[in-house]
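Reader: Hey, could you walk me through this protein? I'm new to reading structures, so plain words please.

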Amino acid sequence: MTLRMRLLFCGFMLAVLAVLSACSAPSHASSAGAQPAWLQERLVIYETAGRQSPVIAVHAWTYKGQTVYEMLAGCCDRFNELYDASGRYLCAPGGGFTGMGDGKCPDAAAARRAAEGNARRIWPVNGGDAQ
C-alpha cells in the first residue's frame, strides 16, 4: 500500500468516526427542548452545579394519568422529589431518613416500579451513575 493510499484510508476512517460520534451522542440542549420551561431551568442549574448538584438524575414517568418528573437525590438522606408537568411539588415517594419518602403519596413508589419500563431518563442525558 502506497503512502498516498494510507493517507486516504486514514482520512476516510477519521471522517467515518466523526460522523458516527456526532450521530450517537445526544446533546443536553436538544433533549431539554421538549421539556417544560421550569424543568429546563432546573436542568441548567443541575448541569452547572456538576458534582455538587443535590440531584443526580431526573426521570419522567406516568403517575395517576399524568406525566411527572422525579428528581433523584444523590445522597445524605435527601428526598426524591416528585413534580407534576407544571412544576408543582407533589410529594417525595422515596429517599429521606427512612428511605420511604415524605408519606404524602404512599402509592407513588409502587406506581414508579410499575412504570419502570415506561420511565425515561431526562437528565443526565448521557447516563451518569443513576438508574
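Author: Here is a chat about the fold, the core, the charged pairs and a few backbone oddities. This is a predicted model, where local features need pLDDT of at least 70, side-chain atom pairs count only at pLDDT 80 or more, and totals for chains, interfaces and linings use all residues. Residues are numbered from 1 along each chain as its sequence is written, and side-chain values use heavy atoms, with hydrogens and water left out.

Reader: Cool. How many helices and strands are there in the protein chain?

Author: The protein chain has four helices and five strands. Both are DSSP runs numbered from the N terminus: helices are H or I with at least four residues, strands are E with at least two. Reading from the N terminus, the order is α-α-α-β-β-β-β-α-β.

Reader: And in what order do the strands sit in the sheet?

Author: They form an open sheet, β4-β3-β2-β1-β5, with antiparallel pairing. Two strands pair if DSSP finds at least two bridges between them.

Reader: Which strands stand at the edges?

Author: β4 and β5 do; each has a single partner strand, so one side of each has no neighbour in the sheet. On average, neighbouring strands are turned by 30° against each other, direction ignored. For such angles, axes are lines fitted to C-alpha atoms (for helices over the stretch in contact), and angles run from 0 to 180 degrees between N-to-C directions.

Reader: Got an example of a pairing?

Author: Sure: β2 and β3 (residues 79-84) pair in the antiparallel sense over four bridges. E70 has L82 as its bridge partner in β3.

Reader: What does α3 lie across?

Author: α3 lies across β1, β2, β3 and β5, and runs at about 15° to β2.

Reader: OK, new topic. Which residues make up the largest nonpolar core?

Author: It has 12 residues: W38, L39, L43, Y46, V55, V58, A60, Y69, M71, Y83, I122 and W123. A nonpolar core is a set of buried Ala, Val, Leu, Ile, Met, Phe, Trp, Tyr and Cys residues joined through side-chain atoms within 4.5 Å. Buried means under 20% relative accessible area, exposed means over 50%, and partly exposed is in between (1.4 Å probe, protein chains only).

Reader: Which element gives the most to this core?

Author: That's α3, with four residues. The elements giving two or more residues are α3 (37-49), β1, β2 and β5 (120-123).

Reader: What is V58 in contact with?

Author: Contact means heavy atoms within 4.5 Å. Leaving aside neighbours within four places in sequence, V58 is in contact with L39, L43, Y46, E70, M71, R120, R121, I122 and W123.

Reader: How much of the chain is buried?

Author: Buried residues make up 31% of the 131 residues.

Reader: Let's do charges. How many salt bridges are there?

Author: The structure holds four. A salt bridge is a side-chain nitrogen of Lys or Arg within 4 Å of a carboxyl oxygen of Asp or Glu.

Reader: Which residue does R112 form a salt bridge with?

Author: R112 pairs with E70, and the closest N and O atoms are 2.9 Å apart. R112 lies in helix α4 and E70 in strand β2, so the pair ties together parts 42 residues apart in sequence.

Reader: Is R112 buried or exposed?

Author: R112 is buried, at 11% relative accessible area, and E70 is also buried, at 5%. E70 and R112 are linked with E116 in a network of salt bridges.

Reader: What about D107 and K64?

Author: Their side chains meet in a salt bridge at 3.9 Å, N to O. D107 is in the loop between β4 (89-95) and α4 (108-114), and K64 is in the loop between β1 (55-63) and β2 (66-73), 43 residues apart. D107 counts as partly exposed at 38% relative accessibility, while K64 counts as exposed at 65%.

Reader: Last one: what's up with the phi of K64?

Author: Most residues other than glycine have a negative phi, and most peptide bonds are trans. K64 has a positive phi, near 55°. C76, in the loop between β2 and β3, also has a positive phi, of about 65°.

Reader: Which residues does the cis peptide bond join?

Author: W123 and P124, with omega about -10°. P124 lies in the segment after β5.
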